[in-house]
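This report describes the pockets and enclosed space of one protein chain, together with its overall fold. The sequence and coordinates are shown first.

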Amino acid sequence: MSDPTYTVYSYFRSSCSARLRMVLNLKGIEYDLKTINLLKGDQLTSEHKALNPTATVPLLIRTAGDGSVFKVGQSVAAIEYLEETHPQGHHILPPVSNPEARAATRALAGIIACDLQPVTNLKIMKRIKAMGGNAEQWNREIMTELLEAYESAAKDWAGEYSVGDDITLADVCLLPAVWNAQRYGVDLDAFPIITRVSEKLGKHPAVIKAHWQNQPDTPEELRAK
């Protein structure tokens, strides 16, 4: 029976998509990329909703050798699924023998994935603008507040990366949030751990491949030079 194949529905600037791309790259898993333009509303089509009812990206689809299909549409769930089904190669969580480090990793990831990203994404920005608010200022304030929380929580755990000396779930959640914070003008100098970790992450080949500037749907004027 042939090995399973993977398809990822992604948008170049989606931070959640970037998380999943990074983990697939770190684990050396080949995948086909299908692009969804969030600005044009591709995620709202009946075709995409039939695949992913939340009308979001990313969406991971695994097709087994027997033709059976499995779909998961939440980035962290997809990442942990890959961790469980592809235990070889890079591990995105600390070892089971260190439950405290695993919990700290998940807690740091949650600051980004549960507290920061859901209230600063495109859907929320559109609603704030519709109510006459300043969505960019909203994002800057929330990003600053929650990156400060991440910085404080990481102090007891950081090594080369957020938790120890290996790239974990916390890091793949953090870095796309940092990219967004840079985009909205957040002063990252106030966060030395985040800055140091992000700079090191940015040099890793798996991360470079996953960077929003290097995606097939990245507009030409925004591509890495």
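How many cavities of 30 Å³ or more does the count come to? The count comes to 1 cavity of 30 Å³ or more. The coordinates are those of a predicted model, and every value below is computed from them.

**Overall architecture**

The protein has 9 helices and 4 strands. Along the sequence, these elements follow the pattern β-α-β-α-β-β-α-α-α-α-α-α-α. For 225 residues, a compact globule would have a radius of gyration near 17 Å, and the value for the protein is 17 Å, which agrees. Taken along the principal axes, the C-alpha atoms fill a box of roughly 55 × 45 × 35 Å. Of the 225 residues, 48% are buried.

An unreviewed UniProt entry places the feature "domain: GST C-terminal" at residues 98-220. In the model, this span is 63% helix and 0% strand, and its end C-alpha atoms lie 44 Å apart.

**Pockets and cavity compared**

The table sets out the volume of each space and the classes of its lining residues.

| Space | Volume | Nonpolar | Polar | Charged |
|---|---|---|---|---|
| Largest pocket | about 970 Å³ | 23 residues | 13 residues | 8 residues |
| Second largest pocket | about 270 Å³ | 6 residues | 3 residues | 7 residues |
| Largest cavity | about 30 Å³ | 5 residues | 3 residues | 1 residue |

**The largest pocket**

The lining of the largest pocket consists of 44 residues. Those nearest its centre are Leu38, Gln117, Asn121, Leu122 and Lys123. Two or more lining residues come from each of helix H1 (15-26), helix H3 (75-85), helix H4 (99-116), helix H5 (122-130), helix H6 (135-154) and helix H7 (169-183). H5 gives the largest share, with 6 residues. Where does this pocket lie with respect to domain 1 (7-91) and domain 2 (99-208)? Both domains give residues to the lining, so the largest pocket lies between them.

**The second largest pocket**

For the second largest pocket, the lining comprises 16 residues. His91, Leu93, Pro94, Pro95 and Arg102 lie nearest the centre of this pocket. The elements that give two or more residues to its lining are H3 and H4, and the largest share, 3 residues, comes from H3. Domain 1 (7-91) and domain 2 (99-208) each supply at least three residues of this lining.

**The cavity**

Which residues line the largest cavity? Its lining is formed by Phe12, Arg13, Ser14, Ser15, Ala18, Pro176, Trp179, Asn180 and Trp212. H1 and H7 each supply at least two of the lining residues, with the largest share, 3 residues, coming from H7. Domain 1 (7-91) and domain 2 (99-208) both give residues to the cavity lining, so the largest cavity lies between them.

**Domain contributions**

Taken together, the linings draw on both domains. The largest pocket lies between domain 1 and domain 2, because both give residues to its lining. The lining of the second largest pocket takes at least three residues from each of the two domains. The largest cavity likewise lies between the domains, because both give residues to its lining.

Note on methods: Residues numbered from 1 in each chain as written. Predicted model: local features only at pLDDT ≥ 70, side-chain atom pairs only at ≥ 80, totals over all residues. Heavy atoms only, no water. 1 Å grid on protein atoms, 1.4 Å probe; cavity = no way out; pocket = protein on both sides within 12 Å on 5 of 7 lines; lining within 4 Å. Points joined across faces, edges and corners; volume = space filled by probe spheres on them. Nonpolar A, V, L, I, M, F, W, Y, C, P; charged D, E, K, R; others polar. Domains from an automatic or database assignment. UniProt positions renumbered as here; feature names shortened; annotations may be inferred. Rg over C-alpha atoms; globule rule 2.2 N^0.38 Å. Buried < 20%, exposed > 50% of the residue type's maximum accessible area, 1.4 Å probe, protein only.
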